[in-house]
Each structure stands twice: as C-alpha cells, then as structure tokens.
Amino acid sequence: MKIDERHLVQLAAVAETGGVTEGAAMLGMTQPAVSRTLSMLERRVGEPLFTPGKRPLQLTPLGQQLAIQGRSILAASRKAVEIVRSFQSGTAGRIKVGGVPFFMDAVISQMIATFQLRERDILVEQSYGNLPDLLTELDSSQIDMAITPIGSADLKSDFEFQSILPGRNVLTCAVGHPLLRKRRLSIEDIMTYPWVAPLPGSPLVLDLHNILITLGISELQVRYSGGSLLSVVNYIASTDALAILPHSVVFSFKGENKISIVPVDIPQPERTLGIITKRKTYPNPACRKFQDHIVREFTDLKKVIERHERSIVWGEGPFLPERDR
C-alpha cells in the first residue's frame, strides 16, 4: 500500500485546526478539495479516520497515528520554506573564506566576529593560503572568496577583484628598541640587528628582497622564521629583531604595547589587498552580505590607519634613492 504524503499533510492540517474548512484555509486549499482527499485516504486505508457524528472533528486512533506522520511532513515542509527564505535573505548559510595568514589572524578574524554578532546563523569556515593556492581553491569551489594582496597582474576573466586596502608595509621592532631613538638610520643600523623572515610564499618575501636590492646588500642575518603571527609578534617583542609587516597588521596590535613601527620609509609594494571571488552561475546571498561587511569594515579601518600614519614623525633612512633624500 502506498499513501500519498500530501494526503497525510492535509489530515494533519485538519487535526491541527479542528475542522476541514480551517485546515483547508491553513494550506491555501478549498474545503471541497480537502474533503475529497480525506475520503480518498479513508478508502485507501480501509478504515475510518474520524469518529462519526463528533463535532468538532475527532480522530480515530488510526487517524491520530497518521496525523502524527502528517505533522512531521508538514513541519519538514515549513522548515524547508524557512531555510529557503533564510538563504535568499542571506541570514543563514555557509561561507568559506581563505586568505594570507597574517591578514586573516590580525584583521579578518575580528571582522568575522563582528559580522557574526549580527548574523548568528551563518557559518564561516576560514582557511589559509597564498595567492596561487587561493586561486586554485576558488577555481575548484573549495572556497567562496579569497582575501589576499595582489599585484598588477590581471586575473583570469572568471575571477572578480574588489580592492579594500592599498599595500603598505612598515619596518617593525619591539617597543623600546634602540632604533626608535635614532632620527636617521644607516645601512649599518639595519644590518646590526637580526631579522625575522617572512613566511615562505608570502608576498613579504619579495618585499624583503626589494629592500636588500635597495640597500645594495646580499643578505640579512635571519634568526627566526616560520612562525605564526602571534609567535612572530611575541618574538619581536622579546628581542631586538626587525621584521617587515603590513601596516594594518602592526596597527591591530597597537593597544598591546608589544611592537612598534620604526618611523622610516621603506620601499613599498605595488599591491592592493582585496577580495577575489569567482564569477558564479548560482548566488550565495550570505557570501555577498559578508563581502559587503568586509568592505565597510576596511573603509573605516583605512581612515583610522591613515590618521595613525599621519601622526608618526617619519625620520630619514637609507631606503630612498639618493635624489630623494
């Protein structure tokens, strides 16, 4: 015997509302249509579903058991409608975002937190990677978006890029470092102290290489490498080591009084931090809402960082070409 699930739903609606007319109204159907369905269902099972002569309608024991199953189907249908509405409004869903480690840890993770204070039903899955890996993951739909610095090279036509922050690096040291007391730095100053190497594959590797070229030296004395952002910050704060870090990353630790900016200009990368997404044939409203949130947060952060940069008294150093000194 096969029972049409729609018949069980209509039985549950009648049981829930206490009448055929009311049950039909709840389902958006006519009363005669529901009456015919119930009669068909009784003939199908070969047993009465309602106690004869009782008003309001009373279910027989068999009718009660079938109505329970109908309620489950009705509840699942309502839940499905709720899921669709939540997805379409961007109030529920899953977002998979990848990005370069230091930016994700220092800046993006906090923005995810503020986003979820408002959007508690959206799951955010965060992962790490550098540009080549992130593009591969986007292409294979392993992630929905990548937040990463990118240079002037054009992306493939099936990717979109939204800029959120110009690239800006700073020379970083511990609070109270001897270099902070110097108004002008020399190449000897730079070479005197140990350095923290950028993570392998990080854009900062190229930036440090450009600094070496500018200074006309072949290498620096690297004493520490491969650490996470927190370990790098703790290492710098506890030693006299120097490091090149993004200004926004250093700014995020401003209130902890651990690391400081050596106020000297260094060669700047021709890169922009931004959001890369893949052109899709299907929408993800939650992802769009999250992307809009990140853009708004960076709009405010950019203004704060620019004010902070203007408040620094920048000294002289060996990084500028001779004609600009």
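Ser141 is partly exposed in this predicted model, with a relative accessible area of 36%. The residue is found in the loop between helix H6 (131–139) and strand E3 (145–150). Its backbone deserves attention, as phi of Ser141 is near 60°, a positive value in a residue other than glycine. Most residues other than glycine have a negative phi. A second residue with a positive phi is Asn257, where the angle is near 55° and the residue is again not glycine. Asn257 lies in the loop between helix H10 (247–251) and strand E9 (259–262). Its relative accessibility is 59%, and because exposed means over 50%, Asn257 counts as exposed.

From these loops the description turns to the interior. The largest nonpolar core comprises 64 residues, of which Ile147, Leu171 and Phe298 touch the most other members. Helix H5 (residues 101–118) gives the most to this core, contributing 9 residues. The surroundings of Phe298 can be listed individually: leaving aside residues up to four places away in sequence, Phe298 touches Val107, Ile108, Met111, Ile164, Leu165 and Leu273. A second core, separate from the largest one, has 14 residues, including Leu11, Val34, Phe50 and Leu59.

Two of the residues named in that second core, Leu11 and Val34, reappear in the packing of helix H1 (residues 5–17) against helix H3 (residues 31–45). The axes of H1 and H3 come within 10 Å and cross at roughly 115°, which means that H1 is roughly perpendicular to H3. The crossing of these helices is left-handed. On the H1 side the contact is made by His7, Leu8, Gln10, Leu11 and Val14, and on the H3 side by Ala33, Val34, Thr37, Leu38, Met40 and Leu41. By class, this contact of H1 with H3 has 8 nonpolar and 3 polar residues, with no charged residues.

Helix H3 also packs against helix H2 (residues 20–27), at an angle of about 110° and with the axes 8 Å apart. H2 is therefore roughly perpendicular to H3. The contact is formed by Val20, Thr21 and Ala24 of H2 together with Gln31, Val34, Ser35 and Leu38 of H3. These residues divide into 4 nonpolar and 3 polar, with no charged residue in the contact of H2 with H3. Val34 and Leu38 of H3 take part in the contact with H1 and also in the contact with H2.

Technical notes
Residues numbered from 1 in each chain as written. Predicted model: local features only at pLDDT ≥ 70, side-chain atom pairs only at ≥ 80, totals over all residues. Heavy atoms only, no water. Core = buried A, V, L, I, M, F, W, Y, C linked by side-chain atoms within 4.5 Å. Buried < 20%, exposed > 50% of the residue type's maximum accessible area, 1.4 Å probe, protein only. Helix = DSSP H or I, 4+ residues; strand = E, 2+ residues; numbered from the N terminus. Contact = heavy atoms within 4.5 Å. Axes fitted to C-alpha atoms, helices over the stretch in contact; angles between N-to-C directions. Parallel < 35°, antiparallel > 145°, perpendicular 65-115°, else oblique. Left-handed = near helix turned anticlockwise from the far one by under 90°. Nonpolar A, V, L, I, M, F, W, Y, C, P; charged D, E, K, R; others polar.
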